[in-house]
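Me: I'm new to reading protein structures and I'd like to know where the labels come from. Could we go through some together?

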Amino acid sequence: MYANKKNAEKGVLLDFGEANPKQRLFYESRALYTAYGGARGGGKSHAVRVKAVGGALRWPGIKILILRRTYPELQGNHIEPIKTMIPRTLAVYNGTLRVMHFVNGSTIRFGHFRNSSSETEYQGQEYDWIFTDEATQFTEREFRTLGGCLRGVNDIPKRFYLTCNPGGVGHSWVKRLFIDGDFKRNKENPEENENPKDYKFIFATVEDNKHLLEKSPQYLQMLSSLPEHLRRAHRYGDWDAMSGSYFPEFSEAKHVVKAFKIPDAWPRYRAFDYGLDMLACFHIAVDPEGRSYVYRELCKEKLIVQDAAKEMLSMTLPQEKIEATFAPPDMWSTLKDTGKTMAEVFALNGIGLIRASNNRVQGHLQIHELLAERDVPGAREKRPGIVFFENCKNIISDIQAIRADERNPNDCAKEPHDVTHTVDALRYFAVSRVIAGSLNSSPQEDEDPGGYADYNDIMRGGAVMRSYL
């Protein structure tokens with residue numbers, strides 16, 4: 001269909017080249033969600049370009065979105081190649097709006113989705129077809145947000161196309177939907193059910209791309225020389241080679257529980273990570289056996305410091321006694337406009353902060369320890385040291401999505417920020433809990449031998465003493 005596409009009105013013959021069998025399956029798919037990929041070099045980007053341009057010519061007035069994580073990736077992989085594919089008699093590209101306008105009224109918009117703040121950019125927009133290139137670079141939350149743009153009152157079939165390789169922050173959800181076919185079922189709300197018929201996966205390897213092997217035979221050698229886990233993933237498309245989350249101990253069956261009323265006697269804590277792009281705050285209770293319960297979460301963007309403090313206060317019930325609020329060290333940075341530290345602004349708005357350690361490896365190690373199962377007195381089975389109420393959906397999703405840092409396997413990835421803020425907040429609690437626990441168990445530290453009587457010294461991150469807690 002797409003090898004030679006002729007526009008009868010203009011008398012223009014477009015030669016898109018010969019499609020390989022896997023690309024043809026991609027072009028002919030009628031599923032709502034079609035994913036194409038596996039190993040690298042399978043001809044994914046070319047398939048996206050041909051399918052998008054072919055759709056623009058086939059369906060007059062169609063609205064198409066081609067999406068990648070950053071704009072430079074779009075420029076090199078799609079915008080420039082498509083501009084060379086289409087003569088100006090059929091379509092003109094507007095570089096300011098990043099939209100290609102076709103003479104039949106069709107449009108292809110080229111968009112990027114850097115982080116959670118991009119969600120507002122796409123809210124309310126409508127597209128008939130959406131292409132997400134390198135889908136494993138996107139979180140499931142972003143994928144579902146974009147899916148909400150797939151609508152319109154016309155006869156054009158709605159389609160969502162994805163290309164993907166193993167690895168990346170979106171590895172787990174792409175594997176769940178398109179590789180494992182593990183679809184969610186909700187008896188209480190059937191509207192949330194995932195329909196297996198909506199999802200189709202087309203597996204391709206570099207061997208399917210004969211043109212690439214002829215023009216760049218060294219590419220195959222390059223893939224084969226990668227480290228073992230990358231070779232399995234990128235050379236052969238093995239989704240199990242990169243399937244491990246940074247926190248492999250986490251399991252929804254073991255770590256997610258139904259909400260219940262927290263006993264008044266249990267000590268409660270707050271821990272948060274703050275940035276203008278996202279405030280992530282958790283309320284955490286600890287039972288008499290030392291097991292932690294994340295029972296409430298707050299995730300909100302674009303809050304200035306004082307508004308962040310007010311939001312955190314508003315999520316705390318009047319009768320709740322919060323033993324301590326653990327904060328990232330940068331909260332003791334001075335604000336240029338006021339000369340105060342962010343910790344002082346929090347204090348002025350009713351929340352005193354305790355400075356948490358920013359040792360990432362040690363903090364994440366403590367999360368691993370909390371997630372691990374352990375013996376509990378009086379219990380027949382081992383239980384994890386921390387569980388999450390099912391209403392804390394963001395941390396449950398993010399702790400499964402976050403991957404290891406490719407440069408430092410002892411640390412988790414710092415990008416994308418969509419999934420790091422919640423994990424960082426949990427890290428501040430985990431690493432501080434060890435300190436707080438040791439202080440509370442030591443009766444010799446009732447007095448403050450450090451002499452931190454000075455208020456400013458405390459607010460600028462003095463040593464964590466029991467008297468301050």
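**Labels and the rules behind them**

Me: What makes strand 3 and strand 10 (residues 199–204) a pair?

Reply: They share six bridges and run in the parallel sense. Two strands pair if DSSP finds at least two bridges between them, so six is enough. At one of these places, Tyr 36 stands opposite Ile 202 in strand 10. Strands and helices here are DSSP runs numbered from the N terminus (E, at least two residues, for a strand; H or I, at least four, for a helix).

Before we go on, this is a predicted model, where local features need pLDDT of at least 70 and side-chain atom pairs count only at pLDDT 80 or more, while totals for chains, interfaces and linings use all residues. Residues are numbered from 1 along each chain as its sequence is written, and side-chain values use heavy atoms, with hydrogens and water left out.

Me: Which strand does strand 3 join through five bridges?

Reply: That is strand 9 (residues 159–164), again running parallel. Ala 35 has Leu 162 of strand 9 as its bridge partner. Strand 9 also pairs in the parallel sense with strand 8 (residues 129–132), over four bridges, and there Ile 130 stands opposite Phe 160.

Me: Where do these strands sit in the sheet, and why are two strands called edges?

Reply: The open sheet has eight strands in the order 5-6-7-4-8-9-3-10, with mixed pairing. Strand 5 (91–94) and strand 10 are its edge strands, each pairing on one side only. From one strand to the next, the twist averages 15°.

Me: How do you know that strand 3 is largely enclosed?

Reply: Six of the six residues of strand 3 (residues 33–38) are buried, so the rest of the structure largely encloses this strand. Buried means under 20% relative accessible area, exposed means over 50%, and partly exposed lies in between (1.4 Å probe, protein chains only). Both faces are covered: Tyr 33, Ala 35 and Gly 37 are buried on one side, and Thr 34, Tyr 36 and Gly 38 on the other.

Me: Why are helix 5 and helix 6 called oblique?

Reply: The axes of helix 5 (residues 140–147) and helix 6 (residues 171–180) come within 8 Å and cross at roughly 60°. Axes are lines fitted to C-alpha atoms, for helices over the stretch in contact, and angles run from 0 to 180 degrees between N-to-C directions. Angles under 35 degrees count as roughly parallel, over 145 as roughly antiparallel, 65 to 115 as roughly perpendicular and the rest as oblique. The crossing at roughly 60° falls in that last group, so the two helices are oblique to each other.

Me: Which residues meet between helix 5 and helix 6?

Reply: Glu 140, Phe 143 and Arg 144 of helix 5 meet Trp 173, Arg 176 and Leu 177 of helix 6. Contact means heavy atoms within 4.5 Å.

Me: What makes Cys 149 and Cys 412 buried?

Reply: Cys 149 has a relative accessible area of 3% and Cys 412 has 1%. Both values fall under the limit for buried, so both cysteines earn the label.

Me: How many disulfides are there?

Reply: The count is zero. A disulfide here is a pair of cysteine sulfur atoms within 2.5 Å.
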